[in-house]
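Trainee: Hi! Could you walk me through this one before I set anything up? I'd like to begin with how helix crossings get their handedness.

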Amino acid sequence: MTGRPLPLRVAAPLAVAAGLALLVAFPPYGVWPAAPIGVALLAAATHRRRIRAGAGLGFLTGVAFFAPLLAWTNLHTGYLPWVLLSLLQAGYLALLGAAAAWVSPLVDRVRWSWPVLTGLLWVGQEALRDRTPFGGFPWGRLAFSQDTSPLLRLASLGGAPLVTFAVALIGGLLVTAVWRGGVTAQRRAPEPTTAQGDAVPGADGPLDAPPTAGGAAGRRWAPVVVPAVVAVALTAGGLLVPVATAGSGATVTVAIVQGNVPRLGLDFNAQRQAVLNNHVDATLELAEQVAAGQQRQPDLVVWPENSSDIDPLRNPSAGARISQAADTVRAPILVGAVLLGPGVGQVRNAGILWRPGTGADLEQLYTKRHPVPFAEYVPLRDVARMVSKQVDLIRSDFVPGSTPGVVRVGPAVLGDVICFEVAYDEVVRDTVIGGAQLLVVQTNNATFDVAEARQQLAMVRLRAVEHGRPALMASTVGVSGFVAPDGRVSDATGFNTREVVVRQVRLDDGRTLATRLGWWPEVVLAALAAAALVGAAVLRRRQRIMPG
C-alpha cells in the first residue's frame, strides 16, 4: 500500500471522537448530523493502517459509542451485563475498522470509491451484528439515529439498510473532502527535501496524486468541494422522497393506556397485581370519560407489554379484572401478558386480544418471536452461570412464537411486535406482508430509562416510514405515543407517569417499495461489501504493504 496513515497519536483520539459523535446522533441527544461525522472520523483513523491497528481503532470507537449508548442496561442488573454487551458490540466495530483498513488499496486506487466502500462496509457490519450471536442485537444501527433527518424518508425505498448506507456514504464523502483538503493544503507548502536537497519521495498514493499540470486553483480544490457539496445534496435530497402523511383507509379510534408501575426496576415483577390494577383502573377512568362525553369511544384499547404478568388465562381473578375493563370501555383490549407454558418451566411473552362480553380471543394471540437472550431466556445456562450467578434470576425461559403478529381486531388488522422486536427488520415486515394496517409496539421500559424509551420510539418512527403505516408505541411507564406514516410523533407521553391518550388513526394497506423489496437491498449491499473485501485482497497481492 502506498502512502502513510495518520500518526497513531492522531488516529486514536479520532477513533474515540468517532464513537462520541455516533453517540450524540441518537436520542436523547438526537443530533443526527453527527452520525456521518462519526463515520468519517473512523474512516480517516483506519485508512492505510495495518489490519490489527484498524481493528483496535474500531474497537475504541465501539467502546466510546456503545458503553454510554447502552448504559440503561446496568440500571437494575449491575455492571457486568452492560460491560459484556458493550464489549461484544464494540467487537463488531473492530471488525469494521479492520475491514476499512483492508480496503485501503481500493480507495488509493480509485479515490472516488471511498464513500461507496464506506457505505457498503457499514451495511455489512450491521447485517452481521443484527444476526449474531443468538439472533443478534440491532441496537445502535446508523439508521435509527435519523428519526428527525431528511434521510429517514429513504426507509420507504430500502428500509433501514438503505438509510444506514446513505448515512455512511455521506460520511465517506466527508472524509474524502477533508482528506483531499489536507493534501491540497500540504501541496501549497514548500516541498520537503532531504539533507542533500533532494525531494522526499511521495508519501501519498493515487488517492493523493497531484493535480494535472496547469490546473487552476479551482481545479485544485474541486476534489474537496465536490464531495462536500454532494454530501449536502444527498442529505437534502431525502426531502424529495415521497412518503404518505396519513393512511388512505378507514379511520379508527385507538386508546393507549400507560398504567405505570409502583416502582421502577426489576422488582416490578413482584408488583404484578398492582401493575395490572393500574392498567385496569386507567381504562375504567377512560370509560367514565367516554360516558361523560369527554373522550371519543375507542374502537381499540392497547395495553403495553407486561401489563398483566399474571397469566389471565389461568388466573380467574386476573381474567375477571381484564374483562371488567373491556366490558366497561366497550372495546377490545390488546393485553400484553405473560402466559405460562407450553412446557414446564416455560413462559410466553404475548399480546392477546380481550373482547368485551366474550373475554380472551385465543385465535388472536401473538407470542413474541424474538425473546431477548440473557434477559428472557438463558442460552448455554451452565456456561453463563460461570460468568455470573445473576442468570438464575431468570427462572423460566421464554419460548419464541412461530407466526407473525397479525392480530385481527374487527375494524383493523394490527401488526403487533413486542419491545426489542421493533429493531428487527423481518419481524415488523412479516406483519405488514400478513395484512397489518396499523403497527403496534407493546413495550415495558420499567427496567430501563427515558433514553432507552426514546431510542425505541426512534425505531418505531423508521418502521412507520419504511412500511407506510401508522404506528403506535404503548409502554408501561413511557414513552408512549402515535406515529404517522411520515414519521411524525403525536401525543407522546411523559416518562414514569400514568397517562391515557386517545387518537383517531387512518389505516393503510398499501405497500411501499421497501416492503415489496424485503431483504434484497441489504443482501445486495452486503454482497457488494464482501466483493470489495475480495477485490482488496487481489490488489494486496500486487502491492507491498507499508506498515501502518
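Mentor: Happy to. A crossing is called right-handed if the near helix is turned clockwise from the far one by less than a right angle, and left-handed if the turn is anticlockwise. Keep in mind as we go that this is a predicted model.

Trainee: Okay, so which hand does the crossing of helix 4 and helix 6 have?

Mentor: That crossing is right-handed. The contact involves Q89, Y92, L93, L95, L96, A99 and A100 from helix 4, and L121, W122, Q125, L128 and R129 from helix 6. Sorted by class, that contact has nine nonpolar residues, two polar and one charged.

Trainee: And what about the angle and the spacing of the axes there?

Mentor: Helix 4 (residues 79-102) packs against helix 6 (residues 113-129) at about 150°, and their axes are 10 Å apart. Angles over 145 degrees count as roughly antiparallel, so that is the label for helix 4 and helix 6.

Trainee: Got it. How do helix 2 and helix 3 cross?

Mentor: Their axes come within 9 Å and cross at roughly 155°, with helix 2 covering residues 34-46 and helix 3 residues 51-69. That makes the two roughly antiparallel. The hand of this crossing is right-handed.

Trainee: Which residues meet in that pair?

Mentor: From helix 2 you have L42, A45 and T46, and they meet G54, L57, G58 and T61 of helix 3. The contact divides into three nonpolar, four polar and no charged residues.

Trainee: Let me zoom out. How many helices and strands are in the chain?

Mentor: The protein chain has 15 helices and 13 strands. It runs to 548 residues, and 55% of them count as buried. Its accessible surface is about 22000 Å², with 61% of that belonging to carbon and sulfur atoms.

Trainee: What share of the contacts is long-range, say 24 or more positions apart?

Mentor: Among contacts with a separation of 6 or more, 73% are between residues 24 or more positions apart.

Trainee: Now the backbone, since I check that in every model. Where are the cis peptide bonds you'd show me?

Mentor: One joins T132 and P133, with omega about -20°. P133 is in the loop between helix 6 and helix 7 (155-188). Another runs from G478 to V479, with omega near 5°, and V479 belongs to the loop between strand 10 (471-475) and strand 11 (481-483).

Trainee: Which residues other than glycine have a positive phi?

Mentor: Among them is F134, with phi near 55°, in the loop between helix 6 and helix 7. R330 is also one of them, with phi near 60°, and this residue is in the loop between helix 10 and strand 3.

Trainee: Is each of those buried or exposed?

Mentor: F134 is partly exposed, at a relative accessible area of 37%. R330 is exposed, at 57%.

Trainee: What does P332 touch in that loop between helix 10 and strand 3?

Mentor: Setting aside residues up to four places away in sequence, P332 touches D299, L300, V301, L353, W354, R355, P356 and V409. The C-alpha atoms of P332 and W354 are 5.5 Å apart, though 22 residues separate them along the chain. P332 counts as buried because its relative accessibility is 11%, and the cut-off for buried is under 20%.

Trainee: Last one: what is P373 in contact with?

Mentor: F134 and P379, leaving aside neighbours within four places in sequence. P373 is in the loop between strand 5 (359-367) and helix 11 (381-387).

Notes
Residues numbered from 1 in each chain as written. Predicted model: local features only at pLDDT ≥ 70, side-chain atom pairs only at ≥ 80, totals over all residues. Heavy atoms only, no water. Axes fitted to C-alpha atoms, helices over the stretch in contact; angles between N-to-C directions. Helix = DSSP H or I, 4+ residues; strand = E, 2+ residues; numbered from the N terminus. Parallel < 35°, antiparallel > 145°, perpendicular 65-115°, else oblique. Contact = heavy atoms within 4.5 Å. Nonpolar A, V, L, I, M, F, W, Y, C, P; charged D, E, K, R; others polar. Buried < 20%, exposed > 50% of the residue type's maximum accessible area, 1.4 Å probe, protein only. Areas by Shrake-Rupley, 256 points an atom, 1.4 Å probe, with all protein chains shown as cover.
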